[in-house]
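Please open the model in your viewer, with the sequence panel beside it, and follow the stops below in order. Each stop suggests a selection and then says what is there.

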Amino acid sequence: MDNLHTVITREQAIDQFKEYVLPSIIKNELDRGIDGVYRIDEVMRSEAWSHFTDSLCKDGQISDWQYMNWSTPQCCER
């Protein structure tokens, strides 16, 4: 845990996810809407969060512990 002072917080990671990843997911959800009905794709959002945090971990932006213990944020749920 040498990098504890250099890792980002969960809140920072969620903010980055909302800024950089979530907009493309929302666009995809809107494009797939049926009869103008917007449906949240929780599976896609959860998968994207998982890939995002994996990337953060591999880049050393979060620790292995953070990667293994962070739950999926609310923005990925209904």
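## The whole chain

Among contacts in the protein (contact meaning heavy atoms within 4.5 Å) between residues at least 6 apart in sequence, 61% join residues at least 24 apart. Before going further, note that this is a predicted model, in which local features need pLDDT of at least 70 and side-chain atom pairs count only at pLDDT 80 or more, while totals for chains, interfaces and linings use all residues. Residues are numbered from 1 along each chain as its sequence is written, and side-chain values use heavy atoms, with hydrogens and water left out.

With the whole chain shown as a cartoon, you should find 4 helices and 0 strands, in the order α-α-α-α along the sequence; helices (H or I, at least four residues) and strands (E, at least two) are DSSP runs, numbered from the N terminus. The C-alpha trace spans about 50 × 20 × 20 Å along its principal axes. Of the 78 residues, 31% count as buried, where buried means under 20% relative accessible area, exposed means over 50%, and partly exposed is in between, with a 1.4 Å probe and protein chains only.

## Helix α1 and its two sides

Select residues 10-20, which form helix α1, and show the side chains of Ala-13, Ile-14 and Phe-17, the buried residues of this helix. Looking down the axis of α1, you will see these buried residues within an arc of 100 degrees, so they line one face of the helix; the arc is that of the directions from the helix axis to the C-beta atoms. What covers them includes α2 and α3, the latter being residues 42-58.

Now turn to the face of α1 pointing away from the buried side, where Glu-11, Glu-19 and Tyr-20 are exposed. Glu-11 has a relative accessibility of 54%, and a C-alpha to C-alpha distance drawn from Glu-11 to Val-21, 10 residues apart in sequence, should read 15 Å.

## Where α1 meets α2

Add residues 22-31, helix α2, whose axis comes within 4 Å of that of α1 and crosses it at roughly 45 degrees. Axes are lines fitted to C-alpha atoms, for helices over the stretch in contact, and angles run from 0 to 180 degrees between N-to-C directions. The two helices are therefore oblique to each other, given that angles under 35 degrees count as roughly parallel, over 145 as roughly antiparallel, 65 to 115 as roughly perpendicular and the rest as oblique.

To see the contact itself, select Phe-17, Lys-18, Glu-19 and Tyr-20 of α1 together with Leu-22, Pro-23 and Ile-25 of α2.

## The loop between α2 and α3

Next, centre on Ile-40, which lies in the loop between α2 and α3 and is partly exposed at 25% relative accessibility. Leaving aside neighbours within four places in sequence, Ile-40 is in contact with Glu-29, Arg-45, Glu-77 and Arg-78. The C-alpha atoms of Ile-40 and Pro-23, 17 residues apart along the chain, are separated by 12 Å.

## The cysteine pair

Finally, select Cys-75 and Cys-76: what separates their sulfur atoms? The sulfur of Cys-75 is 4.2 Å from the closest cysteine sulfur, in Cys-76, too far for a bond, since a disulfide is a pair of cysteine sulfur atoms within 2.5 Å. The structure holds 0 disulfides. Cys-75 is buried at 14% relative accessibility, and Cys-76 is buried at 1%.
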